[in-house]
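User: I'd like to go through this structure by question and answer. Keep each reply short, and show the reasoning.

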Amino acid sequence: MQIPQFPETNHPLVKSLFHHSDQELLDLFQHHPDDGKYFTVIFCRYSPIVYTLIQHSARSPVQAEYLFALTWRHIYYELGGLDLNNPLPGQEGMTLQNWLINITAVCINEIQLPPTEAIHYSLQTTSPPFWCYVEQALDQLPPILRLIVLMAQTFHWSETRIAAYLQAEGEKITPAEVANFLQEGYRMLEDKLPADIRAIYLREDLVKS
């Protein structure tokens with residue numbers, strides 16, 4: 001399996017940060033949680049190593065891509081608490097690269113992957129950093145909007161089917177209202193994404209944000 005190429009590596013926002021050291025990027029990521037570019041640069045720098053480790057352990061390319069994405073999601077949530085300057089006992093001299101290799105090994109050993117046919121994730125469609133920030137934005141939506149957006153995007157349900165499901169759950173909602181909720185959900189979702197993530201992945205002009 002070939003190591004995938006990620007277009008965001010060539011984005012000016014990302015390229016402008018390549019000169020930073022790992023420690024500088026980690027500090028920037030931790031001190032600027034509303035910016036997504038620092039995590040994206042770490043991802044671009046280390047995705048080849050992480051993917052190389054993963055591709056040898058998965059049974060299929062689809063499983064490898066899904067495990068790769070899940071590993072980066074795990075890395076995203078763990079990075080916030082990583083302190084390389086004050087390592088735990090036995091972790092003296094730990095570098096970001098070593099830490100990432102260790103986290104990847106843990107994910108390979110502990111994550112139970114579903115069968116290939118049950119995986120709907122596509123690396124070509126959704127790069128792991130974008131997935132992390134979309135998921136974070138989804139968590140900030142009102143529950144009903146989040147549910148409707150997920151049913152439309154994950155299960156590809158029509159407005160009629162979503163309305164029927166919600167009616168069965170006791171929600172008095174019409175297909176037309178579902179359509180309105182969807183538009184509102186998408187608008188809120190995009191609004192809650194970091195401006196630089198919108199610029200990198202949605203090709204949005206940063207000045208507009």
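User: How do the residues of the lining of the largest pocket divide into nonpolar, polar and charged?
Analyst: The model is predicted, and the totals for linings use all residues. The largest pocket is lined by 39 residues. Six of the lining residues are charged and 12 are polar. The nonpolar group holds 21.

User: How much space lies in the largest pocket?
Analyst: The pocket is an open set of grid points, and its volume is the space filled by probe spheres set on those points. For the largest pocket, that comes to about 1300 Å³.

User: Which residues lie nearest the centre of the largest pocket, and which helices each supply at least two residues of its lining?
Analyst: Nearest the centre are Y121, T125, T126, W131 and V134. Two of these, W131 and V134, are also among the buried residues of α6. The helices that each supply at least two lining residues are α4, α6, α7, α9 and α10.

User: Is helix α6 mostly covered or mostly open?
Analyst: Helix α6 spans residues 128-138. Its buried residues include P128, P129, F130, Y133 and L138. Of its 11 residues, 10 are buried, so at a cut-off of under 20% relative accessible area the helix is mostly covered.

User: Which helices do the buried residues of α6 pack against?
Analyst: Packing here rests on contact, meaning heavy atoms within 4.5 Å. One partner is α3, residues 37-55, and another is α9, residues 175-192. The full set is α2, α3, α4, α7, α9 and α10.

User: Which residue forms a salt bridge with R73?
Analyst: R73 sits in helix α4, and its partner sits in helix α6, 62 residues apart along the chain. R73 is partly exposed at 26% relative accessible area. The partner counts as buried, because its relative accessibility is 18%. The closest N and O atoms are 2.8 Å apart, and the partner is E135.

User: What is the N to O distance in the salt bridge of D22 and R45?
Analyst: This pair links distant parts of the chain, with D22 in helix α2 and R45 in helix α3. D22 is buried at 19%, while R45 is partly exposed at 27%. Their side chains meet at an N to O distance of 2.7 Å.

User: Which residue does D139 meet in a salt bridge, and how many salt bridges does the whole structure hold?
Analyst: D139 is partly exposed, with a relative accessible area of 47%. Its partner is R146, at an N to O distance of 3.2 Å. R146 is partly exposed too, at 29%. A search of the whole structure gives a total of four.

User: Why do C44 and C132 form no disulfide, and how many disulfides are counted?
Analyst: A disulfide needs two cysteine sulfur atoms within 2.5 Å. The closest cysteine sulfur to that of C44 is in C132, 13 Å away and therefore too far for a bond. For C132 the closest is in C107, at 11 Å, again too far. The count is zero.

User: Are C44 and C132 buried or exposed?
Analyst: The cut-off for burial is under 20% relative accessible area. C44 has 11%, so C44 is below that cut-off. C132 has 1% relative accessibility and is below it too. C44 is buried, and C132 is buried.

User: Which residues does L79 touch beyond four places in sequence?
Analyst: L79 belongs to helix α4, residues 61-79. L79 counts as buried, because its relative accessibility is 0%. Its C-alpha atom is separated by 9.8 Å from that of W99, which is 20 residues away along the chain. L79 touches L26, F29, Q30, F39, I42, L96 and W99.

User: Which residues beyond four places in sequence is T40 in contact with?
Analyst: T40 lies in helix α3. T40 is buried, with a relative accessible area of 0%. One of its contacts, P129, is also a buried residue of α6. The contacts are E8, V14, P129, I197 and Y201.

User: What is the phi of H156, and why does it stand out?
Analyst: H156 lies in the loop between α7 and α8. H156 counts as exposed, because its relative accessibility is 65%. Most residues other than glycine have a negative phi. H156 is not a glycine, yet its phi is positive, at about 60°.

Notes
Residues numbered from 1 in each chain as written. Predicted model: local features only at pLDDT ≥ 70, side-chain atom pairs only at ≥ 80, totals over all residues. Heavy atoms only, no water. Helix = DSSP H or I, 4+ residues; strand = E, 2+ residues; numbered from the N terminus. Buried < 20%, exposed > 50% of the residue type's maximum accessible area, 1.4 Å probe, protein only. 1 Å grid on protein atoms, 1.4 Å probe; cavity = no way out; pocket = protein on both sides within 12 Å on 5 of 7 lines; lining within 4 Å. Nonpolar A, V, L, I, M, F, W, Y, C, P; charged D, E, K, R; others polar.
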